[in-house]
Amino acid sequence: MLYAVVAGFIFAIFFPAAVRINKQAGKIAAAVLPLGIFIYFASFYNTITEGNVIAQSYNWIPSLGINLSFYLDGLSLTFALIISLVGFAVFLYTASYMEGNKYITRFYIYITLFMASMLGLVLSDNIITMFVFWELTSISSYFLIGFNHDKERSRIYALQALLITGGGGLALLAGLIIIANISGGWSISSLADLNELITGHKHYPIAAILVLIGAFTKSAQFPFHFWLPNAMEAPTPVSAYLHSATMVKAGIYLMARMNPSLGGTDLWQHTILIVGAVTMLFTAMLSLKQTDLKKLLAYSTLGVLGTLTMLLGIGSDLAIKAFMIYLIAHSLYKGTLFLIAGIIDHETGTRDITKLGGLRKLMPITMVIAVLASLSKMGIIPLIGFVGKETVYASALEFEPFGTLLIILAIAANVFIVYITIAVGFKPFFGKLKPTPKEPHESPFKMWFGPMILALLGVVLGMFSSVVINSLINFTEIGVINKKLNIPVKLWHGFNLELALSVLTVLLGVLLYFKRDNIVNTLNKISFTKYVKPSYYYEFLLSSTLSFAKFQTKFLQNGNLSNYAAMIIVATIFLGGLALVSFGGAPNIDLTFAPTFAEVIIGIILILAAISAVRAKSRLTAIVSVGVVGYSVALIFIMYSAPDLAMTQFAIETLTVILFVLVIYRLPKYLPFSSMTRRIRDFILAGLGGLLMSLIVLFIIAEPMTSELKKYFGENSLTIGKGRNIVNVILVDFRALDTMGEIAVLAIAAIGVYALLKLKSNGSEK
Amino acid sequence: MNYENLYSSLSLIQPEITISVFLLLIVVADLIFDKNKALIPFLALAGLIIASVQVILQVTNTGYAFPFSDVYLSRKGMVTVDAFGAFFKLIIIISSFILVYFSYVSDEIKKSEKNLGEYYALIFGMILGMFFLSSASDLILIYVALELLSLSSYVLAGFSKLRTRNSEASLKYLIYGATSSGLMLFGISIFYGLSGTTNLYEINTFLASHQINHLTLSFASILIFAGIGYKISSVPFHFWTPDVYEGAPISITAYLSVASKAAGFALLVRFIKSAFVTSDDSLGYWEILSVFDWHSLLILVSILTMTLGNLTALWQNNIKRMLAYSSIAHAGYMLLGVAVLSNQGLVAVLIYFFFYLFMNLGAFFIVMLIANKTGSEEIDDYNGLGYTSPFLGVALTLFMVALIGLPPTAGFIGKLYLFIALVDAQMITVAIIALLNTVIALYYYIRVLKHMFLTKSTVETQTVSVIRPNIIFIIFMLAPVLIFGVYFGPVVDFAKRCVQILGL
Amino acid sequence: MQVELTHFLVVSTLLFSMGVFAIVTRKNAILVLMGIELMLNAANINFVAFSKFGGFGLSGQVIALFVIILAAAEAAIALAIVLNIYKTFSNVNVDEINNLKE
């Protein structure tokens, strides 16, 4: 199976070279690839329908125990077959649909990459590899939607689709990691047996919700559905392949795959059921206003995706059966209809159904295919769509206690789907021929061959559903639930309620089609506010995030140095304040001053000088004041019997003052303080900072110096140092490394100053 | 200190000695070859090669250098040589190699060729400072090393032909850096006042055995964090970052965004682990002293950092500035790994950093090539670049995808390990916030791709031709990003080995 | 009557706050640098006072020595940078040096 997945990636790498050698051969090879993959997976059909599963594992990173593992059961086989078969039809179709496009090579690379990733996604048994393929499908979809990049809209919608599905993918990753944390392993198939452990865990709800967000975004469930119709900006083969038959079903696949391990809880079942039902009805209704062929199909896809989700939510055996049949049926007819829509667009130059009609004589083959697919979609016997819809109705009816409600919803949604089908599958071909931008004629073989196979398969599978589909669903380890289903699939169930409802649906759909204009006119009178559209919230979120981002940047990152410095202080005060609040308590100290005269004098001089340095208007005064501070500090050093230190301080301080004075005389004379408000703000800031500092100091003082410390130092300072001039001893002995660093700093300072001054002379040259 | 002791200590700081010696050699060579400076980069390379061998040996050859004790005679040194420090030194060395090539190609540096001697001398000053920061276990040495690093970088940030933006970058970096390090020094003085020592291990012993006023200690810790926070540009000490990154020459910007940040992270982790952690429990979580709530502080700061970084990057039009903000966001993710306070979290940080090195420097390199040619760093000027210069376009795409953290690139593996560490530590809410941030990042990185591939240029975009050495260099940067994206075992193993911090 | 640690801590705290005040309020780059000098001096007083009153030996003095020299080196670099700023902006008002922003 590894090779089946890797084949696509390798193909994508070598495709450009192949095309360079022979363009036609390259394209044929592209179509042969999915066909080969289809045959490969079809060869597993017997093994799987005998109830076996195939698991393959390759060492990936043995030292960490991470394996590349694949797993084939009923669910993944069904998906793999759909992906490769529809892939074959689409690849063949592309060859002539994209004829003459400058970037066709690139297109093949993207779509092959997509196919390989999609296969990898459904076959992976490892959580991480599944996620990797999941995101790869989102990325390749991004490039495919934006492929017609001349259009501004296709760029925006490509980004929108990527943000929603890619973002949802990240949520999925988080959910999967949490599940892996709970279960202690990365294998998906082994999760199925751990249902109780996982659902009982306290982090289960968040994990389940994250996984569902991933699935809902990918499968365009309400309220994330709006990206899918917008993604119709993509070339038609992409819409047919990614946005109806495969990629959007990845979310469905994920829910089905996770159903045994995460399912069974109210949270899981109810969320899925409600979201699915809402999506099904809401999106199907939205189709009414559309006149674009592809948009119409997109809304019907949404309706089907909602239905599939709803079926998983119902969760009964019958519902699972309906889920599988409907999944297969939909992929076959919807892929076909999209390709037909593409053919019509290609031949006539328009996709607007109001401008199409009467093509049956000009495009007979296309018409036959379209009608076949449409009948299947409408649920007409003996096509597979019929079997699908029957079982959907049956499982909705069976659902307790809301069976009636669900069946009404399902019928309502299906009425719209029938309407869409008539509009897409019949309308362009019947009635009067209408003038179109291009002169239509029958499409070439390569274009109709693929859809025809899919459409015929719909007939075959429908007629022989009791054989093929039956064994696929009933005799395999299906993967969606932890047991084998045992409900025979039959084409004909006799005259029963479901059949009556099916007939009713079709009739109502036809009625809707003829009454559409009236309804739309009525609808147009009622003005829906923009607030009911989820896409409004998406755009609102996007634009408000952007404007908030701008606002906070302009406010915080305003380029002003004093502001930046103030930020550090504010932050420190804030954090310090947090600490203060969390520890609280008042310091318990005695603040009676008892200093000697000399110390008081030095202290006062120091403080006054500091104030003067801060407040002085003249630069020289400020510098001299700082000098005085320095000298006072030196005096303090003397009092602590640190003469060496005092000498150093004196020398350096003098040097610094001289330097400053020298520099300052090259600079402008007088600089004002800032504005009054700024000054008040700064003053408050500095005041708060000072206050906080003082509080801290009070606390330090309250802390009696540890007596052990004192004792220790009293004993050891002399013996260790072996000398009176400890500064020297320590400098070369204990603190040797610091000294080395210090010398390096001085050297760097010298080089730096030299370089900076040199830069200046460079500048003056120009 | 006896000579035997001195000898073993010196043998432990071999890389630092090499760097110092080559610093001097570069200065001397600069004086001797006054006219021809072409030799200097090669001299620098020679120094780096020797130092890299010595650093690699340090992964196994560990120990304490310069054992010195003020108080407790614990005989643990001022410098701790261990695999953890060696990892970060390796990051610094690799980025230094890359920097040499960057500088060799960069137009900005070529223009001031006369100053090449000082340029490399200052870079070696930075390297020396960063080496000391990665292994220092004494607050004063840390302060000295920090100043060494800072002073060199202040000058380098303005190192180009004298323009307003260069000198402004220098000044902002200086004022901001000096203020933060001043705060840090005051914090160090309080630590000293409380414990009577500046040695991290001794501080640890002291804190574990004495009743201390928590408020004082918290405040001192916050002050020290201000000094470290400014080096790793974490909110709220990040304000200098975008301005300096935009104003400095691209080679230096790229270097600051990786190497200087690496040193800051090494310092942060060592400071917390050596001074506050008493032992690892069986699962690798750190038993941390209750004197200061590092966990909450780091979580708070990292969430702010990544959110602010990402939000601001969102609407930038200058790609260098965008990368600056995104580098802030990346620091936020990595801080989150530190906040887990476990060996698993630390492994995630190391893995993340290692990959970040290649993807970030790679992105910067391509931005520099394009700026060399078109003279523009505006994202709007990247329109259609994917078609006019497909190689650069595809390479930049891959780097961007890696920076987002999407598979199948190494960036994904970095994020994956980080998320796993967070979830294993039951920090689920935080993990989800990090996730939302990644979604924001998705938007602004993809925007660049949109401009390159999906937007047609209104004016004729210049074709940026790439000479062969640059192609080879880009492939060299791209290879780890792609190969480690699917085969990351060796990196993870190496990172697991390198979480061993001596001193517990 | 003895001078106590307290008094020096009060002095150093005040000095530190003054430094902070200067950094935030002064607009002349040179005077901002002075503020930083004040902060470093404050830390120095702490080191010496702690080592004296805590009985920590002379290590505090050594540290102070390092700081003095580092401060000087920093000042030298800073002045050179300010000179370059003046060269390009004809101005050392930090409020007007804000071309790089947002």
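## A walk through the interfaces of chains A, B and C

Select chain A and chain B together: between them they bury about 9,600 Å², 77% of it on carbon and sulfur atoms. Buried area here is the accessible area (1.4 Å probe) that two parts lose on being put together, summed over both. Before going on, note that this is a predicted model, in which local features need pLDDT of at least 70 and side-chain atom pairs count only at pLDDT 80 or more, while totals for chains, interfaces and linings use all residues. Residues are numbered from 1 along each chain as its sequence is written, chains are lettered from A and ligands numbered from 1 in the order in which they are written, and side-chain values use heavy atoms, with hydrogens and water left out.

**Stop 1: where chain A meets chain B**

Colour the residues in contact (heavy atoms within 4.5 Å). You should pick up 96 residues from chain A and 111 residues from chain B. Now show Ile568(A), Leu737(A) and Ile748(A) as sticks; they supply 7% of the area that chain A buries against chain B, more than any other three residues. Next, select helix α30 (residues 736-765) of chain A, which gives the largest share of the side that touches chain B, 20 residues. Helices (H or I, at least four residues) and strands (E, at least two) are DSSP runs, numbered from the N terminus.

By class, this side of chain A has 61 nonpolar, 19 polar and 16 charged residues. Ala, Val, Leu, Ile, Met, Phe, Trp, Tyr, Cys and Pro count as nonpolar, Asp, Glu, Lys and Arg as charged, and the others, Gly among them, as polar.

How many salt bridges does the rule find across the interface of chain A and chain B? Zero, where a salt bridge is a side-chain nitrogen of Lys or Arg within 4 Å of a carboxyl oxygen of Asp or Glu. The rule does find six residue pairs in polar contact, both at pLDDT 80 or more. A polar contact is a pair of N or O atoms within 3.5 Å; within protein, one must be able to donate a hydrogen and the other to accept it, and residues adjacent in sequence count only if both atoms are side-chain atoms.

**Stop 2: where chain C meets chain B**

Bring up chain C, where 40 residues are in contact with 42 residues of chain B. This pair of chains buries about 3,400 Å², 78% of it on carbon and sulfur atoms. Pick out Glu74(C), Leu100(C) and Glu102(C), which supply 20% of the area that chain C buries against chain B, more than any other three residues. The salt-bridge count between chain C and chain B is zero, and two residue pairs are in polar contact, both at pLDDT 80 or more.

Then step along α1 (5-25), α2 (29-53) and α3 (59-89) of chain C: each supplies at least two residues of the side that touches chain B. The largest share, 17 residues, comes from α3(C).

**Stop 3: into chain B**

Select helix α10 (residues 214-231) of chain B, where 17 of the 18 residues are buried, meaning under 20% relative accessible area (1.4 Å probe, protein chains only), with exposed over 50% and partly exposed in between. Just after α10(B), Ser233(B) takes a positive phi of about 45 degrees.

Move on to His238(B), in the loop between α10 and α11 (240-247) of chain B. Is His238(B) buried or exposed? His238(B) is buried, with a relative accessible area of 3%. Leaving aside neighbours within four places in sequence, His238(B) is in contact with Gln557(A), Tyr176(B), Ser233(B), Leu308(B) and Ile328(B).
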